[in-house]
Amino acid sequence: GPSGTGLLSELLALASLGWWLRRRRRRIAIVQTLMWPDASAAAALAGLLGRTVVMWAIRGEITGAVQERRSLARRLLVRARRRQLGRCVHVALTPTMHAEIVETGLPVESVVIPVPVDLSSFFPATPAERSSVRAGLEISPEAFVVLYVGHLERRKAVERLVEGFAQLVAEGSEACLLLVGGGRPNSENTEPPLRQLVHDRDLEE
């Protein structure tokens, strides 16, 4: 990903990457980037834009990447970004993300390649394993368990899950809510307000 968060830092990182790619372009078959749309500028500088694949793994990322901005500098950046992205191949992890690519209006080739799952490592737990985990977490065998695993960020709307769970408990259901995750650097971390919401709804154990 880009170094730093400011426009100047981004441009310096892209120039550095472009020079690195340029010196190695004869040995590079594919340039693959993960949700760093401006890396296409570095690929263009290296003459590798036609060999660049952009992967989108989070819903809403490509929409945000090509939206018009208020400042002149950002507007120019987005317009250049759209031109460059229009010459790349795009990969989405889900049909919903693929639909977002189509909705941008970019004249691009795009495909869906789901995240593979190693079924030898990930499979449904046996009844004995479920009982053991519940006992370890001191959860009743009869309780309905809701488990969330992921980033605690505003775009995930975890507060809606907490509010819905609070209604479930208020109706008398025996239930347990497990939130596993945290915020990322340079993102809107909602962990503190979520902790407060859980406390306010009297959901703490």
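The second largest pocket of this structure holds about 610 Å³ of space. The structure is a predicted model, so please read every value below as computed from that model. This briefing starts with the pocket, then turns to a cavity, the salt bridges, a surface patch and two pairs of residues.

**The second largest pocket**

- The lining of the second largest pocket is made by 24 residues.
- Which residues lie nearest the centre of the second largest pocket? They are Leu177, Val198, Leu203, Glu204 and Glu205.
- Three elements each supply at least two residues of this pocket's lining: helix H7 (158–170), strand S6 (175–180) and helix H8 (191–200).
- Strand S6 gives the most to the lining of the second largest pocket, with 5 residues.
- Sorted by character, the lining of the second largest pocket has 14 nonpolar, 3 polar and 7 charged residues.

**The largest cavity**

- A handy general idea to keep in mind: rolling a probe the size of a water molecule over the atoms shows where empty space is left.
- How many cavities of 30 Å³ or more are there? The count comes to 1.
- The largest cavity holds about 30 Å³ of space.
- Its lining is formed by Trp56, Ile58, Gly60, Glu61, Ile62, Met97, Glu100 and Ile101.
- Helices H3 and H5 are the elements that give two or more residues to the lining of the largest cavity.
- H5 provides the largest share of that lining, 3 residues.
- In the lining of the largest cavity you can find 5 nonpolar residues, 1 polar residue and 2 charged residues.

**Salt bridges**

- Here is the general background: side chains of opposite charge can pair when their charged atoms come close.
- In this model, the count comes to 4 salt bridges, and three pairs are described here.
- Asp38 pairs with Arg81 in a salt bridge whose closest N and O atoms are 2.6 Å apart. Asp38 sits in the loop between strand S1 (31–34) and helix H2 (39–45), while Arg81 sits in helix H4 (residues 72–85), so this pair ties together parts that are 43 residues apart in sequence.
- Are Asp38 and Arg81 buried or exposed? Asp38 is buried, and Arg81 is buried too.
- Glu100 and Arg59 form another salt bridge, and their closest N and O atoms are 3.9 Å apart. This pair links distant parts of the chain, 41 residues apart: Glu100 belongs to helix H5 (residues 95–103), and Arg59 to the loop between strand S2 (52–56) and helix H3 (61–65).
- Glu100 counts as buried because its relative accessibility is 11%, whereas Arg59 counts as exposed because its relative accessibility is 60%.
- You may recognise Glu100 from the previous topic, as one of the residues that line the largest cavity.
- Arg201 forms a salt bridge with Glu163, and here the closest N and O atoms are 2.8 Å apart. Arg201 is in the segment after H8 and Glu163 is in helix H7, so the pair ties together parts that are 38 residues apart in sequence.
- Arg201 is partly exposed, with a relative accessible area of 37%, and Glu163 also counts as partly exposed, at 28% relative accessibility.

**A nonpolar patch on the surface**

- Which residues make the nonpolar surface patch of about 360 Å²? Val117, Leu119 and Phe122 make it.
- To place Phe122 in the structure, look at the loop between strand S4 (109–112) and helix H6 (127–136).
- Why does Phe122 count as exposed? Its relative accessibility is 57%, and the cut-off for exposed is over 50%.

**Two pairs of residues to look up**

- Thr52 belongs to strand S2. With a relative accessible area of 1%, Thr52 is buried, because buried means under 20%.
- Thr52 and Cys88 are 36 residues apart along the chain, and 5.4 Å separates their C-alpha atoms.
- Val146 is part of strand S5 (residues 144–149), and at 18% relative accessibility Val146 counts as buried.
- Val146 and Asp202 are 56 residues apart along the chain, and their C-alpha atoms are separated by 16 Å.

Key:
Residues numbered from 1 in each chain as written. Predicted model: local features only at pLDDT ≥ 70, side-chain atom pairs only at ≥ 80, totals over all residues. Heavy atoms only, no water. Patch = residues over 30% accessible without salt bridge, like charges linked within 9 Å, V, L, I, M, F, W, Y side chains within 5 Å. Areas by Shrake-Rupley, 256 points an atom, 1.4 Å probe, with all protein chains shown as cover. Salt bridge = Lys/Arg side-chain N within 4 Å of Asp/Glu carboxyl O. Helix = DSSP H or I, 4+ residues; strand = E, 2+ residues; numbered from the N terminus. Buried < 20%, exposed > 50% of the residue type's maximum accessible area, 1.4 Å probe, protein only. 1 Å grid on protein atoms, 1.4 Å probe; cavity = no way out; pocket = protein on both sides within 12 Å on 5 of 7 lines; lining within 4 Å. Points joined across faces, edges and corners; volume = space filled by probe spheres on them. Nonpolar A, V, L, I, M, F, W, Y, C, P; charged D, E, K, R; others polar.
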